[in-house]
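Biologist: I should like to understand the terms used for this protein. May I ask how each of them is justified?

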Amino acid sequence: MRESSSSRVYQRSNRVHELTHEERAIYDTLDPCRIPQHVAIIMDGNGRWAGKRALKRFLGHQQGAESVQYVVETASRIDLQWLTLYAFSLENNLRRPKSEVSFLMKLLKSYLVSNVKRMNDNNIRMAYIGRTHELPSEVQDTMQWASEQTAKNTGTTLTLALNYGSRSEIVDSARSIVHAMLAEAAKRGISLEDMLAAEGVDDAIKARIDEPQIGEHLYTAHMPDPDLVVRTSGEQRISNFLLWQIAYAEIFVTERLWPDFRGPHLLEAIADYQQRERRFGGLGETSDEDLSDVLPTETELARQ
Ligand code: FPP
C-alpha cells in the first residue's frame, strides 16, 4: 500500500549522532518534517571517474559500489524511508560489452554478500525492481538471499533497479492488467469478451484500466512515488528511469561523479529539495492572487 505523506508521523531521526561531523552540519540545517519519503538516484559517471585517473572502467564501478554503501547508511541514519538506485539498466545489459556486464554482475553479487551484515546493523531492507528474472541465475539466488536476510528490517528500503527500463515496466504493467482481467473472467467461468460485454465494453475497460490500476501493476506498486530524483555526473537526462513515478518529483543534477558521491552530498541534495515549492500542477502555497476582478462574471459570460 502506498503511504501518503500526510499519514506519516515526522520526527527527528534518533540516529543523527551516527552522522559524521560534516553530515551533521548539513542535517542541522534541514527541516526534519520535510525529509523526502523517497529519493531515487541515477548513479552515473563511474567510467569517467576511472578515465580521469587513467584507470580501467571496472575500477570506477568498484568505487561506485563503495558509494552505494556510504549513501544508503547515511539515508538510514536520517530515517529516509525509501532509497531507489538505478544500478543496471536494460540498455546497459544490451549495449555494454559482455565483459563489463559480467563484471557488474560479479560486483553486484560480491556487494550483496559483503554488505548484508551492515544492512542488518543499519536496519536496511533490500529489494529490487526490473526484469530481474533475466539476470544470471546465480545472481538471482544471491539477490533473493540478501532480501530474505534483511526482510525483517524496518528502516530504509534500499531498492536496486536491475535490468530495469521504465518503458518496459509500463509494458509489463499493461500485460499484467490483461492477465488479471483474464483471471477474473476465468474465476467467473465466462469468456473475457462476455465479461466486458456484460458491463458495456467501454465502461468495463475504463473501470479496469486507469491511472491507479497502471500504478498498482508497476514494479513499484508498494512504494510511494519518488519526491526527489538525483543524477550524478552532470547529465540532464532521465534515461528511462521511473518515468511514470517521477511525474511530480523534484530533480537535482550534480556535476559530482558517482564514485565521489557520499552522505554529505545526499544531504545537500535534500537541502536543495527543501528549498523547492512543490505544486503538483496547482499554484502552490504562495499564490493567493484574487482573480475575481479580471475574470468575467457568470452574467457577463451568459451575455457573450
Ligand atoms: C554509470 O556509470 C553506472 C552504471 C552503469 C552502473 C552503476 C553501478 C554501480 C554504481 C556499481 C555497482 C552497484 C552495486 C549496487 C553493487 P557509467 O559506466 O555509465 O559512467 P560513464 O558515463 O562515466 O561512462
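Biologist: Over which residues does pLDDT stay under 50, and how many contacts beyond four places in sequence does the model have for them?

Modeller: This is a predicted model, and pLDDT stays under 50 over residues 1-7. For residues 1-7 the model has four contacts beyond four places in sequence. The protein as a whole averages a pLDDT of 93, and 90% of the residues score at least 70.

Biologist: Why is Phe103 called partly exposed?

Modeller: A buried residue needs 20 or more other C-beta atoms within 10 Å, whereas an exposed one has 12 or fewer. Phe103 has 17 other C-beta atoms within 10 Å, and is therefore partly exposed. Phe103 belongs to helix α5.

Biologist: Which residues is Phe103 in contact with, leaving aside its neighbours within four places in sequence?

Modeller: These are Phe58 and His61. Contact is judged by C-beta atoms, which must lie within 7 Å. The C-alpha atoms of Phe103 and His61 are separated by 8.9 Å, and the two residues are 42 residues apart along the chain.

Biologist: What makes the largest nonpolar core lie between two domains?

Modeller: The core has 59 residues, of which Leu85, Tyr86 and Leu228 touch the most other members. Strand β2 gives the most to this core, with six residues. Domain 1 (9-164 + 225-275) and domain 2 (165-223) both contribute residues, so the core lies between them.

Biologist: Which residues does Leu228 touch, not counting those up to four places away in sequence?

Modeller: Leu228 touches Pro36, Val39, Ala249, Glu250, Phe252, Ala269, Ile270 and Tyr273.

Biologist: What percentage of the residues in the protein is buried?

Modeller: Of the 304 residues in the protein, 34% are buried. The protein has twelve helices and six strands. Among contacts between residues at least 6 apart in sequence, 78% join residues at least 24 apart.

Biologist: Which residues come nearest to the ligand?

Modeller: There are 19 residues around the ligand, and Asn46, Gly47, Arg48, Gly64 and Tyr111 come nearest. The elements that give two or more residues to this shell are α2 (46-52), α3 (57-77), β2 (82-89) and α5 (98-121). The largest share, four residues, comes from α3.

Biologist: How many residues of each class does the shell around the ligand have?

Modeller: The shell has ten nonpolar, seven polar and two charged residues.

Methods. Residues numbered from 1 in each chain as written. Predicted model: local features only at pLDDT ≥ 70, side-chain atom pairs only at ≥ 80, totals over all residues. Near = placed C-beta within 6 Å. Nonpolar A, V, L, I, M, F, W, Y, C, P; charged D, E, K, R; others polar. pLDDT = per-residue confidence, 0-100. Contact = placed C-beta atoms within 7 Å. Core = buried A, V, L, I, M, F, W, Y, C linked by C-beta atoms within 7 Å. Domains from an automatic or database assignment.
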